[in-house]
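Got the viewer open? Let's walk through this one stop by stop, picking something to select each time.

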Amino acid sequence: MKGVILAGGTGSRLYPLTKVTNKHLLPVYDKPMIYYPLQTLIDAGIKDIMIVSGRGHAGHFLELLGSGAEFGVKFTYEIQDHAGGIAQALGLAEDFADNDNITVILGDNIFQDNIKDAVQSFESGAHIFLKSVPDAHRFGVAEVDVNNGRVLGIEEKPAKPKSDLAVTGLYIYSNDVFDIIKTLKPSGRGELEITDVNNHYISKDAMKFTMLDGYWSDAGTFESLLRAGMIVQKYRETY
């Protein structure tokens, strides 16, 4: 299993904080934002990690994180030239994956749960992590059959969500995900959508899910960045 942290994008929702730096380098309480998804991967036992970032601040990630020796892992770096969506960014990791399975995490997502069991037991297909939220319309929303452990479908930011289960920015895929990405067409936003990747696995009945017990927050808006910092401060002992 290899790990990929997606830390590209323009960070436009956090402007002007992101005028001279990458969103994922902003502080969340007392650490740079990217440290949190990195720790999630490390705690899952993943030692080989690629960081995908945009062109403008790639050197800042290298300066901050180095080779990975400080963290007991090995880092590889990749550049996403243009903001073409999560799936497009993930596609850049194909050579790095080298036929291994991959765990993918968004660089602005902060998790309390340890996902080691899900990572270590993964065999094939895909696995997503769901969290009950009060504002599901902001996210991809999953409809599930809890009794049979099946994901029935995912809608991207629906006006009327079918559930309150947000698809968090954490995914496990078998290596065929790269073949799936190559078949995608850009959405109305002009991006390759990770929801389309996930729905492909769902259509093949190859998607599993985990319901998260602990807190989860993204940190891509002023409100969520503040909330994430307050959550980390409150539960500091878990880090």
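Helices and strands here are DSSP runs, with at least four residues for a helix and at least two for a strand, and they are numbered from the N terminus. Counted that way, the chain has eight helices and 13 strands. Keep in mind that you are looking at a predicted model.

**Stop 1: the whole chain**

Start zoomed out, with everything selected. The C-alpha atoms fill a box of roughly 45 × 40 × 35 Å along the principal axes. How does the radius of gyration sit with that of a compact globule? For 239 residues such a globule would come out near 18 Å, and the chain has 17 Å, which agrees.

Now switch on a surface. The chain exposes about 11500 Å², and carbon and sulfur atoms supply 48% of that area. Under the surface, 53% of the 239 residues are buried. If you display contacts between residues at least 6 apart in sequence, 73% of them join residues at least 24 apart.

Try colouring by charge too. You'll find 23 positive and 31 negative side chains, and the centres of the two sets lie 4 Å apart.

**Stop 2: a cis bond in a loop**

Select Tyr15 and Pro16. The peptide bond joining them is cis, with omega about 10°. Pro16 belongs to the loop between strand 1 and strand 2, the latter covering residues 27-28.

**Stop 3: helix 1**

Next, select residues 35-43, which is helix 1. Is this helix largely enclosed or largely open? Seven of its nine residues are buried, so the rest of the structure largely encloses helix 1. To see them, pick Tyr35, Tyr36, Pro37, Leu38, Thr40, Leu41 and Ile42. After the helix comes Gly45, which has a positive phi near 90°.

**Stop 4: into helix 2**

Move along to Gly56, in the loop between strand 4 and helix 2. Gly56 has 66% relative accessibility, so it counts as exposed, the cut-off for that being over 50%.

Then select helix 2 itself, residues 58-65, and highlight its buried residues: Ala58, Phe61 and Leu65. Look straight down the helix axis and these buried residues fall within an arc of 60°, so they line one face of helix 2. What covers them? Strand 1 (2-7), helix 1, strand 4 (48-54) and strand 5 (74-80) are among the elements that do.

Helix 2 is followed by Gly66, where phi is positive, near 65°. For a distance to draw, connect the C-alpha atoms of Gly56 and Gly66: these glycines are 10 residues apart along the chain and separated by 17 Å.

**Stop 5: two positive phi values in one loop**

Jump to the loop between helix 4 (94-97) and strand 6 (102-106), and click on Asp98. Asp98 is not a glycine, yet its phi is positive, near 50°. With 52% relative accessibility, Asp98 counts as exposed.

Now click on Asn99, which sits in the loop between helix 4 and strand 6 as well. Asn99 also has a positive phi without being a glycine, at about 75°. Its relative accessibility is 62%, so Asn99 counts as exposed.

**Stop 6: helix 7 and its cover**

For the last stretch, select residues 194-203, which make up helix 7 and include Ile202. Which residues of helix 7 are buried? They are Ile194, Thr195, Val197, Asn198, Tyr201 and Ile202. Around the axis they cover an arc of only 160°, which puts them on the same side of helix 7.

Bring in the neighbours that cover this side. They include helix 3 (86-91), strand 8 (126-132), strand 10 (150-156), strand 11 (165-173), helix 6 (177-181) and strand 12 (207-211).

Zoom in on Ile202. Its relative accessibility is 11%, so it counts as buried. Leaving aside residues up to four places away in sequence, Ile202 touches Val151, Leu152, Gly153, Ile154 and Met207. For another distance, draw a line from Ile202 to Asp108: they are 94 residues apart in sequence and 25 Å apart in space, C-alpha to C-alpha.

Finish at Asp205, which follows helix 7 and has a positive phi near 55°.

Key:
Residues are numbered from 1 along each chain as its sequence is written. This is a predicted model: local features need pLDDT of at least 70, side-chain atom pairs count only at pLDDT 80 or more; totals for chains, interfaces and linings use all residues. Side-chain values use heavy atoms; hydrogens and water are left out. The radius of gyration is taken over C-alpha atoms; the globule rule is 2.2 Å times the number of residues to the power 0.38. Buried means under 20% relative accessible area, exposed over 50%, partly exposed in between (1.4 Å probe, protein chains only). Contact means heavy atoms within 4.5 Å. Accessible areas come from the Shrake-Rupley method with a 1.4 Å probe; for residues, only the protein chains shown count as cover. Lys and Arg count as positive and Asp and Glu as negative; His and the chain ends are not counted. The place of a charge is taken as NZ of Lys, CZ of Arg, CG of Asp or CD of Glu. The arc is that of the directions from the helix axis to the C-beta atoms.
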